[in-house]
Amino acid sequence: MQRTILLIIGWLAVALATLGVVLPLLPTTPFLLLAAWCFARSSPRFHDWLLYRSWFGGYLRFWQQHRAMPPGAKPRAVGFILITFAISLWVVNILWVRMLLLVILCGLLIFMWRIPVVDEKQQKP
């Protein structure tokens, strides 16, 4: 029963992480980490799929190895965050929702700024 629950939570987390790629208010990374945790405890097959065959696998493996982002990932992530939030701010006409989006954007950018990035010297064993 526990294995089934972990599998369901893992796949739900993968689905939410995938949606989080394009929806500005839905974070991707925490859901990916949750999915990896659930799959590691319930299904080696799905855990391997997530780490080695999915679109997110390279980032997850890098995070597991270095506890940091790869060199070019942070600028791309910040750029994508700014683009999606800009579109949301342009589409939304309600002032309080725009203010909420700006607050979330500031919090997210501060969070991204604090994530370490591995340089080329640290990557080599």
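A contact here means heavy atoms within 4.5 Å.

**Figure 1. The whole chain, an all-helix fold.** This is a predicted model, and its secondary structure comes to seven helices and zero strands. Reading from the N terminus, the order is simply α-α-α-α-α-α-α. Put a box around the C-alpha atoms, along the principal axes, and you get roughly 45 × 45 × 20 Å. The protein has 125 residues, and 33% of them count as buried. Now look at the contacts with a separation of 6 or more: 58% of them are between residues 24 or more positions apart.

**Figure 2. Helix α6 from end to end.** Helix α6 takes in residues 95-114, which makes 20 residues. From first C-alpha to last, α6 reaches 29 Å, close to the 28 Å expected at 1.5 Å a residue.

**Figure 3. The two sides of α6.** Which residues of α6 are buried? They are V97, L101, L105 and M112. Seen down the axis of α6, these buried residues fall within an arc of 80°, so they line one face of the helix. Part of their cover comes from α5, residues 73-91. Turn to the face pointing away from the buried side and you meet the exposed residues L95, W96, V103, W113 and R114.

**Figure 4. Inside the largest pocket.** Rolling a probe the size of a water molecule over the atoms shows where empty space is left. The largest pocket has a volume of about 1,000 Å³. It is lined by 33 residues, and the closest to its centre are T28, T29, M69, A77 and M112. M112 has turned up already, as one of the buried residues of α6.

**Figure 5. What the pocket lining is made of.** Four helices give two or more residues each to the lining of the largest pocket: α2 (29-42), α4 (57-66), α5 and α6. Which of the elements gives the largest share of this lining? That is α5, with seven residues. Sorted by class, the lining holds 28 nonpolar residues, four polar ones and one charged.

**Figure 6. A close look at R67.** You'll find R67 in the loop between α4 and α5. Leaving out residues up to four places away in sequence, R67 touches F62 and P116. How far apart are R67 and P116 in sequence and in space? Along the chain they are 49 residues apart, while C-alpha to C-alpha they are 7.8 Å apart in space.

Key. Residues numbered from 1 in each chain as written. Predicted model: local features only at pLDDT ≥ 70, side-chain atom pairs only at ≥ 80, totals over all residues. Heavy atoms only, no water. Expected span 1.5 Å × (residues − 1). Buried < 20%, exposed > 50% of the residue type's maximum accessible area, 1.4 Å probe, protein only. Arc of directions from axis to C-beta. 1 Å grid on protein atoms, 1.4 Å probe; cavity = no way out; pocket = protein on both sides within 12 Å on 5 of 7 lines; lining within 4 Å. Points joined across faces, edges and corners; volume = space filled by probe spheres on them. Nonpolar A, V, L, I, M, F, W, Y, C, P; charged D, E, K, R; others polar.
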